[in-house]
Structure formats: C-alpha cells, structure tokens
Amino acid sequence: MPNDVFRAIDATLVLGVEDANAPEGAVANGLVTQYDLSNAVGRLSNVTVSVASDLKPFYEIGRRYPTHLRPGVIQVSGVVERAHVNGALLRLLLGDGAVSPPSALNFVQPAFNIIATLTDPARPTQFSRVTIFGVRFESWTYSIPTQDFVMESATFQALRIAYEEA
C-alpha cells in the first residue's frame with residue numbers, strides 16, 4: 001500500500017473500453033486503437049476528476065444546525081487538457097460527427113474508461129489507481145494562445161468511479 005507522495009511524472013493515463021460490443025464501445029475502441037490511446041495518452045496536463053454527491057441537509061424547526069444529512073445523486077465529472085492536438089479528443093466527443101461530411105445524419109457518441117495509475121519508480125509493485133467508467137466527453141475546447149502552447153481541453157461526465165491501491 002503506497003504511502004508516498006506522487007508527482008505528475010509518476011502518472012500513467014490510458015483509455016480503455018469496457019464493452020467493445022456495444023455501439024458506443026465499438027466506436028470508442030476503434031478510436032482508442034487508431035490513436036494508440038490504450039498505452040498512454042501523451043502530453044496530457046491538468047487532469048481533474050471530481051465526484052459530487054447532492055448532499056441535502058434537513059433542518060428541524062427551531063434548530064440552527066441540520067439534524068440529518070441525506071446523500072443524493074452522485075455526479076462524476078472532470079477535465080483533461082492536452083498539448084498534442086490530433087483530433088483524438090474531438091473524435092471521442094463526436095464519433096463520426098467529427099469528420100466531414102458525417103457518415104450518417106445521426107451518429108453514436110463513444111463511451112470509454114479512463115484509467116489513471118500512479119507508481120513510484122522506486123517501488124514498482126505499489127500503485128494507486130483511479131478507474132473512471134462510462135466516460136463521455138461533453139465539451140471540447142481548442143485554444144491558440146499568443147505566447148503559449150496550443151492546447152485542447154475536454155470536459156467529461158462518467159457513470160461511476162473506482163479506486164484501488166496495492
């Protein structure tokens with residue numbers, strides 16, 4: 001079980017597909033293979049994953065503090081930024097809708113998993129891993145700044161998240 005403090009250089013981030021037989025998984029699997037995103041997603045920075053629970057306090061009349069906190073729906077979301085603009089993230093957002101002309105009037109949005117692993121090179125058998133299941137990009141931004149690197153970024157939502165360490 002790792003007790004180390006990690007840095008970004010200890011991270012590996014890959015994309016995978018949970019169900020390659022589903023239409024969303026098949027499209028994502030083709031794109032992950034085409035852009036070689038199953039080994040490592042290169043030149044990513046500022047990866048942020050957020051998990052929020054719609055926690056609601058219940059206040060009884062005459063009390064200033066809540067007497068109960070009731071959990072609600074859970075939302076998994078995040079942001080990735082990438083300096084290697086090759087269309088992969090846009091294709092993962094739009095599927096066949098990112099090519100011109102699209103192959104059909106309606107197209108499938110890819111769904112995939114993001115697996116982020118942190119490993120200390122001095123202790124290669126120990127790791128910390130976050131797996132985000134059922135990811136779908138919801139927006140894509142392309143930025144050409146005046147004096148910095150050209151970046152693309154994508155926000156996503158996901159079905160669920162899991163954490164493991166060894």
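**A colleague's notes on the model**

1. Let me start with one side chain: Arg 160 has a relative accessibility of 42% and counts as partly exposed. Please keep in mind that the model is predicted. The partner of Arg 160 is Glu 18, and their salt bridge has its closest N and O atoms 3.3 Å apart. Glu 18 sits in the loop between strand 1 and helix 1 while Arg 160 belongs to strand 9, so this contact ties together parts that are 142 residues apart in sequence. Is Glu 18 buried or exposed? Glu 18 is exposed, with 52% of relative accessible area. That value lies just on the exposed side of the cut-off, because exposed means over 50%, whereas the 42% of Arg 160 falls in the partly exposed range between 20% and 50%.

2. Now for the overall layout. The chain holds two helices and nine strands. Read from the N terminus, the order is β-α-β-β-β-β-α-β-β-β-β. The C-alpha atoms fill a box of roughly 65 × 50 × 45 Å along the principal axes. Of the 166 residues in the chain, 27% are buried.

3. How many salt bridges does the structure hold? The count is eight, and the Glu 18 pair above is one of them. Another joins Glu 164 to Arg 129, with 3.7 Å between the closest N and O atoms. This pair, too, links distant parts of the chain, as Glu 164 is in strand 9 and Arg 129 in strand 7, 35 residues apart. Both partners are partly exposed: Glu 164 has a relative accessibility of 38%, and Arg 129 has a relative accessible area of 25%. A further bridge runs between Glu 60 and Arg 63, where the closest N and O atoms are 3.2 Å apart. Glu 60 is partly exposed as well, at 33% relative accessibility.

4. The largest pocket is worth a look in your viewer. Its volume is about 410 Å³. The lining has 17 residues, and those closest to the centre are Ala 11, Thr 12, Leu 13, Val 47 and Ala 116. Which strands supply at least two lining residues each? They are strand 1 (11–16), strand 2, strand 6 (112–118) and strand 7 (128–143). Strand 2 gives the largest share, with five residues. By class, the lining of this pocket has 13 nonpolar residues and four polar ones, with no charged residue.

5. The second largest pocket has another make-up. The volume here is about 200 Å³. Its lining has four nonpolar, three polar and four charged residues. Glu 18, the salt-bridge partner of Arg 160, is part of this lining, together with residues that include Asp 19, Glu 24, Phe 112, Arg 136 and Leu 159. Helix 1 (23–34), strand 6 and strand 7 each contribute at least two residues to the lining. Strands 6 and 7 thus appear here and in the lining of the largest pocket.

6. On closed space, a search of the whole structure finds one cavity of 30 Å³ or more. The largest cavity has a volume of about 50 Å³. What lines this cavity? The lining is made by Leu 13, Leu 15, Val 41, Leu 44, Val 80, Leu 89, Ile 114 and Phe 137. These eight residues are nonpolar, and the lining has no polar and no charged member. Leu 13 deserves a click, as this residue lines the cavity and is among those closest to the centre of the largest pocket.

7. Last, the surface. A nonpolar patch of about 400 Å² is made by Val 47, Val 49, Val 51, Ile 74 and Ile 161. Strand 2 (residues 44–53) supplies the largest share of the patch, three residues. Val 47 belongs to the patch and is also listed among the residues closest to the centre of the largest pocket. Ile 161 comes from strand 9 (residues 160–165). Why does Ile 161 count as partly exposed? Its relative accessibility is 33%, and that lies between the cut-offs of 20% for buried and 50% for exposed. The patch also asks for over 30% relative accessible area, so Ile 161 passes at 33%.

Technical notes: Residues are numbered from 1 along each chain as its sequence is written. This is a predicted model: local features need pLDDT of at least 70, side-chain atom pairs count only at pLDDT 80 or more; totals for chains, interfaces and linings use all residues. Side-chain values use heavy atoms; hydrogens and water are left out. Patches are made of residues with over 30% relative accessible area and no salt bridge: like charges are joined within 9 Å, nonpolar side chains (Val, Leu, Ile, Met, Phe, Trp, Tyr) within 5 Å. Accessible areas come from the Shrake-Rupley method with a 1.4 Å probe; for residues, only the protein chains shown count as cover. A salt bridge is a side-chain nitrogen of Lys or Arg within 4 Å of a carboxyl oxygen of Asp or Glu. Helices (H or I, at least four residues) and strands (E, at least two) are DSSP runs, numbered from the N terminus. Buried means under 20% relative accessible area, exposed over 50%, partly exposed in between (1.4 Å probe, protein chains only). On a 1 Å grid over the protein atoms alone, a cavity is a set of points where a 1.4 Å probe fits but cannot get out, and a pocket is an open set with protein on both sides within 12 Å along at least five of seven lines; lining residues have an atom within 4 Å of a point. Grid points are joined across faces, edges and corners, and a volume is the space filled by probe spheres set on the points. Ala, Val, Leu, Ile, Met, Phe, Trp, Tyr, Cys and Pro count as nonpolar, Asp, Glu, Lys and Arg as charged, and the others, Gly among them, as polar.
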